[in-house]
Each structure stands twice: as C-alpha cells, then as structure tokens.
Amino acid sequence: MPIRRARSIVCYWHDGAFVVENFRTRITVSLDPVAAELLNELGDWTEPEKVAARFPDFDPESVRQSLADLEESGLIVRQGQSAAEHDEVVGTSWPEWNMSARYLHTMTKNAPYTEDTPELREELAAQGGRPALFKSYPEADVVLLPRIPRPIGASFEEVLYRRRTHRAFADEDVPLVDFATLLSSVFGPAQFIDADAYGSLMQRTSASGGARQEIEAYVLVRRVEALAPGIYHYNGLIHGLEFLGDCPPWQDVAQLSVNQRGIEDAAFAIVLTSLVERMRSKYRTARTYRIMLMDAGHLAQTFAMVTTALGLGPFQTAAFADTDVEDLLGIDGVDETALYLLSAGVPADPQQDGTNGLKTPAGLAAFRRSRIAH
Ligand SMILES: Cc1cc2nc3c(=O)[nH]c(=O)nc-3n(C[C@H](O)[C@H](O)[C@H](O)COP(=O)(O)O)c2cc1C
C-alpha cells in the first residue's frame with residue numbers, strides 16, 4: 001500500500017535536537033535531520049519500494065528501515081488505513097487558519113488536569129511564593145476613585161436583554177461615579193479566599209480559571225468626568241488609577257482597532273492583558289492558554305452587563321493591532337500580553353434596541369436564507 005508523510009506534523013529544533021511532532025497522535029520524536037529529506041519526498045502517496053531509488057547515495061535497506069521507523073512513529077501513514085483518513089482531516093482542516101490554529105487547537109486538547117503536586121508546591125516555596133496578587137506601578141501618580149458605588153437599580157432581566165454592542169456614543173462625559181463603579185465591580189476584588197500554599201486568592205465578580213486572576217485592566221480615558229485624558233492602569237487593591245502617560249490623539253487610539261466605530265466615539269477604552277506568570281506558575285500545560293482567553297471573555301461579558309446596568313453602552317473587539325497596543329501600554333507582549341479591547345460611553349441612542357444597526361427584524365425571507373433544521 002502506498003505511503004505518505006503525515007499531514008499533521010510540525011518540525012522544530014529543541015535543545016539542539018531536530019524534533020518532529022505529530023499533533024494528531026501527540027507523538028514527538030527527535031530525528032536525524034536527514035529524515036526530513038525522506039519525509040520531504042513523501043508529500044503524495046508513493047509506493048514504499050520506489051522511495052529508495054530516489055536516494056541513490058543511501059543503502060536501500062537503511063531507507064526501508066527508516067521508512068518503517070517513521071511509520072512506527074506515525075510520521076508516515078499508509079493509504080486505506082483509518083489513521084490516514086483522520087490525519088487528512090486533522091492536518092488539513094480550516095485551510096485559511098493555517099497550521100498555527102490546527103496545532104494550537106489539537107495540542108491543547110485532552111490535557112491532563114494537574115492540580116498542584118508536592119513538586120509544584122516545593123518549587124513555589126523555593127521561589128518565595130506566588131506571583132503578586134496585584135500589579136502596581138509604585139512610581140506612578142495615582143488617582144484614587146470614589147468608593148461609594150452608584151446603586152444599580154436595573155433588574156437582572158433588563159440588563160440581560162438590553163445588553164447590546166454599541167458603536168455610536170454621545171459627546172458626553174461619563175460620570176466619575178459610574179466609571180468608578182464599573183471598574184470596581186468588574187475588575188476590583190470582591191473577596192479573598194485562603195488558598196493554602198498559594199496564599200490568599202482574589203475573587204472577582206467573574207469566574208477565573210483557578211482563581212488566578214491573571215487579567216489586568218488598562219484604561220485609555222477620553223471623556224470621563226474629572227479625569228485627565230491619559231493611559232492608566234487600574235489597581236484594584238487601592239481602587240485607583242495609576243497614570244502611565246498621555247493618550248495619543250483619540251483618532252490614533254481608534255486606529256489601534258483598525259478604526260472600528262466602537263472606539264472612535266467612545267468615552268474610554270479598556271485593554272485587557274494577561275500576566276501569564278500568574279497562570280504558568282500553577283498550570284503547566286499549554287491548555288492554560290485557552291483558559292486565559294476564556295477569562296478575558298468572562299470579564300468582558302461582566303463589563304458589558306455592568307455598563308448596560310449603568311446606562312452606558314459597551315463595545316468589544318478582538319480586532320486590534322496587538323503590538324501597537326502593547327507598546328502603548330509599555331508591556332512586552334510576551335510575559336504580559338494584550339488579549340481584548342473594550343470600550344464604552346454614553347450611548348448616542350439610549351433606545352438602541354439591540355438590532356445592532358440592522359433595523360429590520362428577520363422575517364420569512366431572512367429565515368429562508370438561513371438553513372434552520374427543526
Ligand atoms: C470576541 C468578539 C469580538 C468582536 N469583534 C468585533 C469587531 O471586531 N468589530 C465589531 O464591530 N464588533 C465586534 N464584536 C461585536 C459583535 O459584532 C457583536 O457582539 C455581535 O454583532 C452581536 O451583537 P450584540 O453584541 O449586540 O448581541 C465582537 C464581539 C465579540 C464577542
């Protein structure tokens with residue numbers, strides 16, 4: 001039966017060794033780089049007997065043996081076998097998303113759940129404990145925010161159904177008390193729990209994987225009562241804003257999100273970043289990367305609910321120029337990385353009913369265009 005190179009493989013160098021990883025089978029082998037030449041010849045179905053002829057400088061028996069070894073490691077598949085079919089699907093799906101999406105998705109599936117181990121506890125103790133619970137900029141000027149929250153009278157049902165993504169905002173300041181209520185109720189600590197070797201952990205109003213609370217909030221202020229426009233870090237410990245610098249002209253801020261309307265007229269924007277070490281120090285599998293994204297999503301949803309309850313309009317986007325945003329905040333984009341861009345303001349149309357600019361409710365014609373099975 002003809003053979004070919006598995007599609008679901010990725011090659012790299014690690015500790016000086018040439019490594020080939022099959023992300024479908026999760027088998028990783030280090031190989032003599034010459035094996036890559038062999039794999040290179042096997043892009044399409046090929047009769048194994050014909051392969052040796054393509055390597056006249058090699059002993060045919062050694063080529064046969066190498067092919068057998070590569071097949072044994074799952075780097076070569078055989079036509080007609082179910083492994084080959086599965087490999088085709090896993091290794092070529094989502095073509096526009098490329099190898100990177102396939103690799104990340106597959107390699108972060110079925111990870112073992114590792115609660116803390118004695119070794120991890122020892123390691124943490126040797127490092128002098130866990131990463132700091134709160135990030136702070138001790139040298140920065142600080143604005144302490146009002147602590148009396150604005151009572152939120154909206155019913156849960158109203159908030160749930162009134163939440164919509166807004167893209168047009170009034171030319172009005174957001175009241176300071178609303179802004180402060182928003183920050184404390186979404187990003188501030190709600191309570192602290194005793195987490196044994198991990199010390200005290202913070203809980204917010206949003207769920208957080210392992211209560212790691214790795215997400216930080218940076219605020220770009222444009223129109224908030226009493227607040228000078230600028231770039232601030234929200235420090236939940238002091239319920240204060242640490243001033244990091246002047247904001248670029250707002251049209252440049254809007255450009256960071258590829259000029260989307262949701263930022264253009266907004267009163268403020270918030271960048272959610274992840275302090276990766278807070279996660280990595282406890283969770284050692286790559287699946288943790290997914291959890292960081294989920295955590296950012298939880299906070300963004302709470303942000304949307306609270307802004308709605310306060311009568312503000314929320315916007316959120318994943319489309320932004322990561323590196324430019326990170327440069328603006330002065331973070332390195334690796335140990336701390338930008339994940340999500342939010343904004344809000346006083347809605348231009350307080351009656352915006354959630355049709356998201358599309359004012360026509362879906363009728364028979366629209367449903368005909370979507371295939372709905374029932
Ligand atoms: C992860 C995520 C990314 C989004 N990115 C964008 C975006 O780049 N541009 C935009 O205009 N809206 C963006 N949105 C808003 C969606 O378009 C909006 O949520 C959707 O149209 C549904 O409308 P609703 O939020 O009012 O229910 C995003 C929403 C989410 C959850």
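Contact here means heavy atoms within 4.5 Å. Keep that in hand for the exercises below, and remember that the model is predicted.

**Exercise 1. Work out which residues Phe179 touches, and place Phe179 in its core.**

Step 1: leave out residues up to four places away in sequence; what remains is Val174, Val219, Val221, Val224, Leu227, Leu241 and Phe268.

Step 2: look at the core. The largest nonpolar core has 37 residues, and Phe179 is listed among those with the most contacts inside it, together with Leu183, Phe187, Leu241, Phe268, Ile270 and Leu272.

Step 3: ask where the core residues come from. At least two each are supplied by helix H8 (176–187), strand S9 (215–221), strand S10 (230–235), strand S12 (268–275), helix H12 (288–309) and strand S14 (336–345). H8 gives the largest share, 7 residues.

Step 4: don't stop at one core. There's a second, separate one of 21 residues, with Val29, Leu31, Leu39 and Leu42 among them.

**Exercise 2. Find how the chain is divided and how far apart the domain centres lie.**

Step 1: domain 1 covers 3–107 and domain 2 covers 129–345.

Step 2: take the C-alpha centres of domain 1 and domain 2; they lie 44 Å apart.

**Exercise 3. Classify the aromatic pairs Trp13–Phe18 and Phe23–Tyr103.**

Step 1: a search of the whole structure turns up 8 aromatic pairs. Trp13 and Phe18 form one that is tilted, at 4.9 Å centre to centre with 50° between the planes.

Step 2: check burial of both partners. Trp13 has a relative accessible area of 61%, so it's exposed, whereas Phe18, at 7%, counts as buried.

Step 3: now Phe23 and Tyr103. Their ring centres are 5.7 Å apart and the planes sit at 80°; planes over 60 degrees apart count as edge-to-face, so that's the label for this pair.

Step 4: locate the partners. Phe23 is in the loop between strand S3 (17–22) and strand S4 (27–31), while Tyr103 belongs to helix H5 (residues 98–107); at 80 residues apart, the pair links distant parts of the chain.

Step 5: check burial again. Phe23 is buried at 0% relative accessible area, and Tyr103 is partly exposed at 25%.

**Exercise 4. Sort Cys11 and Cys247 by exposure, and count the disulfides.**

Step 1: Cys11 comes out at 42% relative accessibility, so it counts as partly exposed.

Step 2: Cys247 is at 19%; buried means under 20%, so Cys247 counts as buried.

Step 3: the disulfide count for the structure is 0.

Definitions and conventions. Residues numbered from 1 in each chain as written. Predicted model: local features only at pLDDT ≥ 70, side-chain atom pairs only at ≥ 80, totals over all residues. Heavy atoms only, no water. Core = buried A, V, L, I, M, F, W, Y, C linked by side-chain atoms within 4.5 Å. Buried < 20%, exposed > 50% of the residue type's maximum accessible area, 1.4 Å probe, protein only. Helix = DSSP H or I, 4+ residues; strand = E, 2+ residues; numbered from the N terminus. Domains from an automatic or database assignment. Disulfide = S-S within 2.5 Å. Phe/Tyr/Trp six-rings, centres within 6.5 Å; stacked < 30°, edge-to-face > 60°.
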